[in-house]
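Student: Could we go through this structure together, beginning with the ligand site and then turning to the protein interior?

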Amino acid sequence: MKIAMVGSGYVGLVSGACFADFGHDVVCIDKDQSKIDRLHDGIMPIYEPGLDALVESNFKAGRLSFTTSLSEGIKGASAIFIAVGTPSRRGDGHADLSFVYAVAAEVGEHLSNNAVIVTKSTVPVGTGDEVERIIKDSGTTRTFSVVSNPEFLREGAAIRDFKRPDRIVIGAEDDFGRDIMHEVYRPLFLNESPILFTERRTSELIKYAANAFLATKITFINEMADLCEKVGADIQDVSRGIGMDNRIGSKFLHAGPGYGGSCFPKDTLALLKTAEDYDSPTRIVEAVVKTNDSRKRAMGRKVLDALGGAEKARGKKAGLLGLTFKPNTDDMRDSPAIAIAQTLTDAGVIVSAYDPEGMDIAKPIMPDVAMCDDPYSAIEGVDVVAIVTEWDAFRALDMKRLKELVAAPVLVDLRNIYNPEDMRAAGFTYASIGRN
Ligand code: UDX
């Protein structure tokens, strides 16, 4: 089957490469000529483990190609995926759908065979109806169906998530759409990945509800961690203790500095906007967004506390280990590190940092932070070390060396990757999240 993927960003490229790996004939389309040129040269526009090898092997096998021409790329495709960005609209948090609608108009204009048009971008409820109207208005004479197929990929684990999904959600309004989507996902169907067919609006809402629920779970455990610190309990054990209840589940109960990334912050805001538009308030999600935002600054204050408080911090030095919103990505979007670094520099602290992948993107976002070549140079001479992102490279630091390099052996572990007793035995003043 021929598949066209419009938008070769994170979701489009990973999905396109994986579909090609299943044996489909995939064309990835993007307006950005330099991105397409670089893809032809095997250079990935994003950092995702395993993606370069997957793209290369399928490109060489002739199953994956790249073009800037939408009209050429969609020719003969039975499924045309829209995987362009839906950023938060400045001011109101609503998802900006201008890219999605522009693609729909262009697809309608150039559709030369019967096809299913699939929105893979995360789009608010009702977007599929509008895409359908736009294509109809283009005057096309072809049979087409607009389907919703949200993506649940996690950055850093995207290929595995695509190939072994918990579920595939497909929102279709007719058999034509359902049948083609069944063919698209046949290889996964054979793998016994569950496929849930729903109506289109339901499918669109599932994506937002899933992300809002996961964001809520994280925020809940983060507040429990704060309470643990006050009452003298241990959040790791609380997480384990509640997670063993199958109704709750153990995943996404890891307390930390607050969620970031390209999805949770944007999708929770967009859900709030939809709820407001339909006069159906989602107060839990409202509280989650507020709580998570204020948590990031609070984490900066936690590091200041380790320096003896904001008043005494001026002129002192802090070394940040990890900047990206989570490991195995170079994504800095809404990373807690941004608010933490800002809180520290606002208080007059001199900040240095190291991140295995995120520094190029981080540099212009945090110009006052000195970027270093490795973890040890980032912490040399500092008064406090803060672990912000749980990269594997920070899980087994040489603590003896670290202690010799720092000005004061003070460690704030915002991801709970070390054991408090071990750290105290190693001579560190150690603070973490939700533990004594
Ligand atoms: C998320 C969803 O998981 C995915 O299904 C959706 O398609 C896109 O959004 P992603 O943003 O890549 O994926 O990252 P994820 O692994 O979900 O983590 C999001 C944030 O939550 C990170 O900042 C992470 O550090 C934080 N997190 C996650 C926690 O603080 N605790 C946890 O237990 C889990």
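Tutor: Certainly. This is a predicted model. In the shell around the ligand, helix α10 (residues 200-231) gives the most, with three residues.

Student: How many residues are around the ligand, and which come nearest?

Tutor: There are 18 residues around the ligand, and Phe152, Leu153, Glu155, His254 and Lys326 come nearest.

Student: What is the make-up of that shell by class?

Tutor: The shell holds nine nonpolar residues, three polar ones and six charged ones.

Student: Which side chain has an N or O atom 2.9 Å from an oxygen atom of the ligand?

Tutor: That side chain belongs to Arg415. In the side chain of Lys207, an N or O atom is 3.3 Å from an oxygen atom of the ligand. The backbone takes part as well: a polar backbone atom of Leu153 lies 2.9 Å from a ligand oxygen.

Student: And how much of the ligand's accessible area does the protein cover?

Tutor: On its own the ligand has 660 Å² of accessible area, and the protein covers 91% of that.

Student: Turning to the interior, which residues of the largest nonpolar core touch the most other members?

Tutor: That core has 56 residues, and those touching the most other members are Leu320, Leu323, Leu344, Val349, Met366 and Leu402.

Student: What does Val349 touch?

Tutor: Leaving aside residues up to four places away in sequence, Val349 touches Leu304, Leu307, Ala313, Lys316, Lys317, Ala318 and Leu344.

Student: What other core lies apart from the largest one?

Tutor: Another core, of 38 residues, lies apart from it; Met44, Val118, Phe162 and Tyr185 are among its members.

How values were computed
Residues are numbered from 1 along each chain as its sequence is written. This is a predicted model: local features need pLDDT of at least 70, side-chain atom pairs count only at pLDDT 80 or more; totals for chains, interfaces and linings use all residues. Side-chain values use heavy atoms; hydrogens and water are left out. A residue is near a molecule or strand if one of its heavy atoms lies within 4 Å of it. A polar contact is a pair of N or O atoms within 3.5 Å; within protein, one must be able to donate a hydrogen and the other to accept it, and residues adjacent in sequence count only if both atoms are side-chain atoms. Accessible areas come from the Shrake-Rupley method with a 1.4 Å probe; for residues, only the protein chains shown count as cover. Helices (H or I, at least four residues) and strands (E, at least two) are DSSP runs, numbered from the N terminus. Ala, Val, Leu, Ile, Met, Phe, Trp, Tyr, Cys and Pro count as nonpolar, Asp, Glu, Lys and Arg as charged, and the others, Gly among them, as polar. A nonpolar core is a set of buried Ala, Val, Leu, Ile, Met, Phe, Trp, Tyr and Cys residues joined through side-chain atoms within 4.5 Å. Buried means under 20% relative accessible area, exposed over 50%, partly exposed in between (1.4 Å probe, protein chains only). Contact means heavy atoms within 4.5 Å.
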